[in-house]
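Reader: Hello! I am new to this structure and would love a close look at one part of it, the salt bridges and what lies around them. Could you walk me through that, starting with the overall layout?

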Amino acid sequence: MARGKETARMGKQKKEESKKRPPSDSSESDSDSGPDDKEPPTKMAKSDASSSSSRRKNESGETYFELERNKRVTVRQFRGTLYVDIREFYEKDGKNLPGKKGIALTASMWNKLKSLKDDVDEEIKALA
């Protein structure tokens with residue numbers, strides 16, 4: 001009997017943990033992009049001609065920056081928390097949709113990553 005209660009409690013904890021995560025908070029890099037993503041579809045908007053940066057807005061009004069053809073950085077809020085979302089996108093029915101491959105960083109994690117820039121650059125030079 002005790003084993004059954006323990007298993008039920010573990011299952012409940014997993015459900016609660018999954019509810020706390022934003023839909024785009026995935027650091028798995030071995031999964032395929034696909035239609036089972038939980039984020040609403042986003043559509044690429046044309047950037048302002050007056051803007052010299054690569055700043056763009058998606059259909060939801062969120063600001064994003066394109067890294068490559070199918071990779072972008074989006075700044076968004078989810079349940080009151082600010083995220084810097086670095087994600088791959090895929091095309092389906094003429095729309096660019098967010099894939100599973102990516103990571104959503106909180107503002108503090110983003111700032112930590114920025115503080116590591118020089119160290120990361122140093123390691124890249126050492127390995128190149």
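Author: From the N terminus on, the elements run α-β-β-β-β-β-α-α, which comes to three helices and five strands. Please keep in mind that this is a predicted model. Of the 128 residues of the protein, 23% count as buried. Among contacts with a separation of 6 or more, 36% are between residues 24 or more positions apart. The protein exposes about 9900 Å², and carbon and sulfur atoms supply 50% of that area.

Now to the part you asked about. Side chains of opposite charge can pair when their charged atoms come close. A search of the whole structure finds seven salt bridges, and a good place to begin is aspartate 85. This residue counts as buried because its relative accessibility is 2%, under the 20% cut-off. Aspartate 85 meets the side chain of arginine 76 in a salt bridge, at 2.3 Å from N to O. Arginine 76 is also buried, at 8% relative accessibility. Aspartate 85 forms a salt bridge with arginine 87 too, and there the closest N and O atoms are 3.0 Å apart. Both arginine 87 and aspartate 85 are buried. Through shared partners, salt bridges join Glu62, Arg76, Asp85 and Arg87 into one network.

Threonine 74 gives us another view of these surroundings. It lies in strand 3, which spans residues 71–78. With its neighbours within four places in sequence left aside, threonine 74 is in contact with Asn58, Glu62, Thr63, Tyr64, Tyr83, Val84 and Asp85. Two of the network members, Glu62 and Asp85, are therefore among the contacts of threonine 74. Threonine 74 counts as buried because its relative accessibility is 2%.

Let us turn to a salt bridge between two other residues. The side chains of glutamate 66 and arginine 56 meet at 3.3 Å, N to O. This pair links distant parts of the chain: glutamate 66 is in strand 2 (residues 63–68) and arginine 56 is in strand 1 (residues 55–57), ten residues apart. Glutamate 66 is partly exposed, with a relative accessible area of 27%, and arginine 56 is partly exposed as well, at 25%.

Charged groups meet rings here too. The charged end of arginine 72 sits over the ring of tyrosine 64, 3.9 Å from its centre. The charged end of arginine 72 also sits over the ring of phenylalanine 89, 4.0 Å from the centre of that ring. As for rings paired with each other, the count comes to zero aromatic pairs.

The loops are worth a visit as well. Most residues other than glycine have a negative phi. Arginine 79, in the loop between strand 3 and strand 4 (81–92), has a positive phi of about 50° although it is not a glycine. Arginine 79 is exposed, with a relative accessible area of 66%. Aspartate 93 is found in the loop between strand 4 and strand 5 (95–106), and it has a positive phi of about 55° without being a glycine. At 74% relative accessibility, aspartate 93 counts as exposed.

Finally, let us move to the surface. Leu116, Val120 and Ile124 make a nonpolar surface patch of about 230 Å². Valine 120 has its place in helix 3, residues 117–127, and counts as partly exposed at 41% relative accessibility.

Definitions and conventions
Residues are numbered from 1 along each chain as its sequence is written. This is a predicted model: local features need pLDDT of at least 70, side-chain atom pairs count only at pLDDT 80 or more; totals for chains, interfaces and linings use all residues. Side-chain values use heavy atoms; hydrogens and water are left out. Helices (H or I, at least four residues) and strands (E, at least two) are DSSP runs, numbered from the N terminus. Buried means under 20% relative accessible area, exposed over 50%, partly exposed in between (1.4 Å probe, protein chains only). Contact means heavy atoms within 4.5 Å. Patches are made of residues with over 30% relative accessible area and no salt bridge: like charges are joined within 9 Å, nonpolar side chains (Val, Leu, Ile, Met, Phe, Trp, Tyr) within 5 Å. Accessible areas come from the Shrake-Rupley method with a 1.4 Å probe; for residues, only the protein chains shown count as cover. A salt bridge is a side-chain nitrogen of Lys or Arg within 4 Å of a carboxyl oxygen of Asp or Glu. Rings of Phe, Tyr and Trp (its six-membered ring) pair if their centres lie within 6.5 Å; planes under 30 degrees apart count as stacked, over 60 as edge-to-face and the rest as tilted. A charge sits over a ring if NZ of Lys or CZ of Arg is within 6 Å of the ring centre and within 35 degrees of the ring normal.
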